[in-house]
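Got the viewer open? Let's walk through this one a selection at a time.

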Amino acid sequence: MDVINLTEYCLFTCSTTSSALKAEKVLKSAGADFVIVPTLREISSSCGLSVKLPCEKREKYLDILNAERVKVEGVYYVHKVGHENQVTLIES
């Protein structure tokens with residue numbers, strides 16, 4: 001799956017860069033479809049990195065991260081319309 005070019009997707013934000021990098025390591029080990037991206041300007045977060053993933057895999061990937069004690073600060077649904085992002089907080 002070409003996650004980087006998705007126009008509808010979910011984002012996991014982390015409170016620290018080390019948490020984002022741990023999430024990347026854990027999800028890579030699980031063979032997950034995701035990409036690490038800069039946190040969107042529309043999202044207020046203390047860390048500059050987020051995990052971009054297909055929304056249909058959101059629950060599965062959250063379960064994997066929770067099992068490995070990786071803290072996810074927020075989960076967002078993003079729909080890109082033209083050059084703008086419509087962002088909705090799903091859970092925090």
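Contact, on this tour, means heavy atoms within 4.5 Å. One caveat before we click: you're looking at a predicted model.

Start with serine 19. Set aside the neighbours within four places in sequence, and serine 19 is in contact with Cys14, Val70 and Lys71. Is serine 19 buried or exposed? It's buried: its relative accessible area is 16%, and buried means under 20%.

Now widen the selection to residues 17–29, which is helix α1, the home of serine 19. α1 has 13 residues, and from first C-alpha to last it reaches 18 Å, close to the 18 Å expected at 1.5 Å a residue.

Next, colour the buried residues of α1: Ser19, Ala20, Ala23, Val26 and Leu27. They sit on the same side of α1, because the arc they cover around the axis is only 125°. What do the buried residues of α1 pack against? Show β2 (35–38), β3 (49–53) and α2 (58–67), and you have the partners.

Spin round to the other side of α1, where Ser18, Lys25, Lys28 and Ser29 are exposed. Then step just past the helix to glycine 31, which takes a positive phi of about 70°.

Last stop: tyrosine 9. Which residue lies over the face of its ring? Select lysine 52, and you'll find it at 4.3 Å from the ring centre. If you feel like hunting for aromatic pairs while you're here, save yourself the clicks: the structure holds zero.

Methods:
Residues numbered from 1 in each chain as written. Predicted model: local features only at pLDDT ≥ 70, side-chain atom pairs only at ≥ 80, totals over all residues. Heavy atoms only, no water. Helix = DSSP H or I, 4+ residues; strand = E, 2+ residues; numbered from the N terminus. Buried < 20%, exposed > 50% of the residue type's maximum accessible area, 1.4 Å probe, protein only. Phe/Tyr/Trp six-rings, centres within 6.5 Å; stacked < 30°, edge-to-face > 60°. Lys NZ or Arg CZ within 6 Å of the ring centre and 35° of its normal. Expected span 1.5 Å × (residues − 1). Arc of directions from axis to C-beta.
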